[in-house]
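Please open the structure in a viewer and keep the sequence beside it. The tour proceeds one selection at a time.

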Amino acid sequence: MEAIQPTPPTEELPRGTSPKLTRAAIEQIVASGKRLLVQGGMGIHASDGLSGKVAAAKSVHFVGVGTVSAVVKTEAMLRREIRRARAEAAGGYVGVNLMAAINRDDFARAARVSIEEGVSFIVQGAGISREILRWCKEGGVPFAGIVSSGRLAAMYEKWGADFLVAEGADAGGHIGDIDHPLPSLVEEVRAHSRLPVVAAGGVTAEDVGGFLAQGAAGVQLATRFIASKDGDTHAGFKEMHLGKTAEDVAIIISCVKGMKARAVRNAFTDALAAGQRFPPRSKAWFFGKEGYMGRKKACVECLAAELCKCRASNFQESFCITDALLKAAILGDKENGLFYTGQSITRIPEKDVAELKTVQELVDELDLELSRFVAIERERAESVIAAAI
Ligand SMILES: Cc1cc2nc3c(=O)[nH]c(=O)nc-3n(C[C@H](O)[C@H](O)[C@H](O)COP(=O)(O)O)c2cc1C
C-alpha cells in the first residue's frame with residue numbers, strides 16, 4: 001500500500017523565519033493587555049493542520065500561538081508542517097513541541113530542523129534534555145519547558161528558558177504522576193520562577209479568566225482544538241471526542257517509561273487494562289517501503305531504547321505506541337486506536353462532527369467568555385470602591 005501523507009505536499013513553500021516568542025516578547029504582549037492563547041502540540045500527527053490556524057486567529061484578548069508536534073515525523077514531514085503552519089500563520093507565532101523521551105537521534109534531528117526552519121520557539125515535554133537549551137541558544141530560538149513543579153520551573157529558569165508551560169493533572173496524553181490541580185500548580189510555579197507562565201491542562205473557556213487573574217501570561221489548550229472543523233485528523237478521531245462523560249476517560253499505563261496517560265476509553269484501553277500486549281506491526285502502510293528514517297522493521301525505534309517498555313521487554317509487554325496513535329489520528333479506528341485526550345473532553349458541547357466549529361470560531365468563544373469575566377470583575381471592583389467611599 002502507498003504511504004499516506006498526513007499533510008498536503010507543500011515542500012515548495014519557501015523556508016522562512018517566524019517571530020521569536022522570547023521572554024521579552026511575551027512581557028510586551030502582557031504589558032499591552034493581551035495574553036497568549038497557545039495550541040498545545042499533539043503527537044502523533046494529532047495537531048497537524050491546527051498550528052497555523054491558531055497562530056493566525058484574530059482575537060480581542062489573545063495572541064494566538066501554534067505548536068507543531070515533531071513526534072514521529074520524518075525530516076520532510078516536519079519541514080512541511082512548519083512551513084505550512086507559517087504560511088497560514090501570516091506572521092504569527094509557530095513553535096515546535098519535542099518530547100525528550102523520543103529516540104535520541106530523532107530528537108537531535110528534529111531540534112536541528114526546527115532551528116533551521118526558524119521557528120518561534122521549541123517547547124520540551126516528557127523528559128528533560130539540557131542539550132536542547134544549548135542548541136536553542138546557539139540557534140537563536142527561544143526555549144520553553146513544560147513543568148509540573150516549582151522545582152522544575154526554577155531549574156529551567158536557571159538554565160535560560162524563555163517561558164514555562166505549567167501542565168496540570170487534567171492534561172491530555174502523558175501526565176506522569178502529577179496530582180496537582182492546575183490553579184495551585186500555577187501558584188507554585190509563579191512562586192519559584194519569574195518567567196512568564198502559560199497554564200495548561202483541562203482549561204476551558206469558563207476558567208481562562210481565573211488563570212489570567214492568577215498572573216498567568218496565557219493559557220494552553222489542546223483537547224478543545226481536536227474537536228474542530230480544522231485539523232487533519234480523521235473524522236473518527238474528532239468523533240471520539242464528542243458526547244463523552246467522565247466514564248469515557250481512561251488512565252492507561254503507557255509504554256513510554258510506564259507513565260500514566262489519559263485517553264478516551266475504548267476496546268483498546270480495556271484490553272490494555274486487562275493485560276493484553278500489542279507488539280509492533282509493519283508501518284509500511286504509513287511510511288512507505290523505505291520505512292521511517294530508513295528503519296523498516298515493525299519497531300521503528302521511535303522512543304529512546306531504555307524508555308520504551310515494549311522494546312525493553314523484547315515486545316513481550318505493553319504496546320507499540322506509534323501503531324496505536326497512528327490508528328487513531330490517521331485511520332480513525334475507534335476500536336484499535338489509542339485516542340489521547342484531556343479531561344476537558346467532558347466539557348466539549350458539540351455532539352456531532354457536523355456541528356464542529358473552526359479554530360477562529362473557538363477563539364471567538366474564548367474571547368466572549370473572557371470579556372464576560374473582565375466585565376464581572378470590573379463591576380465587582382467598582383462596587384468595592386463604591387462601598388469604601
Ligand atoms: C492527543 C494529544 C496528544 C498530545 N501529545 C503531546 C505531545 O506529543 N507532547 C506534549 O508535550 N504534550 C502533548 N499533549 C499535551 C498537550 O500539548 C496539552 O498540554 C494538554 O493536553 C493541555 O490540556 P488540554 O488538552 O486539556 O487542553 C497531548 C495532548 C493530547 C490531547
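The stops below cover the ligand, a loop and a cavity.

The model is predicted: local features need pLDDT of at least 70 and side-chain atom pairs count only at pLDDT 80 or more, while totals for chains, interfaces and linings use all residues. Residues are numbered from 1 along each chain as its sequence is written, and side-chain values use heavy atoms, with hydrogens and water left out.

**The ligand and its shell**

Select the ligand, then the 22 residues that surround it (a residue is near a molecule if one of its heavy atoms lies within 4 Å of it). The closest are Glu167, Gly202, Gln220, Ala222 and Thr223. By class, the shell holds nine nonpolar, 11 polar and two charged residues; Ala, Val, Leu, Ile, Met, Phe, Trp, Tyr, Cys and Pro count as nonpolar, Asp, Glu, Lys and Arg as charged, and the others, including Gly, as polar.

Next, colour β3 (93-99), β9 (218-221) and α9 (223-226), each of which supplies at least two residues of the shell. Helices (H or I, at least four residues) and strands (E, at least two) are DSSP runs, numbered from the N terminus. Domain 1 (23-232) and domain 2 (235-347) each give at least three residues to the shell; these bounds come from an automatic or database domain assignment.

**Backbone contacts**

Which ligand atom lies 2.9 Å from a backbone N or O atom of glycine 41? An oxygen atom of the ligand does. At glycine 43, a backbone N or O atom is 3.1 Å from a ligand nitrogen atom. Select glycine 202 as well: a polar backbone atom there is 2.8 Å from a ligand oxygen atom.

**The loop after β1**

Stay at glycine 43, where the peptide bond to isoleucine 44 is cis, with omega near -10 degrees. Isoleucine 44 sits in the loop between β1 (35-39) and α2 (51-56). Histidine 45 lies in that loop too, and has a positive phi of about 70 degrees although it is not a glycine. Most residues other than glycine have a negative phi, and most peptide bonds are trans.

**The lining of the largest cavity**

Finally, select the lining of the largest cavity, which has 12 nonpolar, no polar and three charged residues.

Key: Polar contact = N/O pair within 3.5 Å; in protein donor to acceptor, adjacent residues only side chain to side chain.
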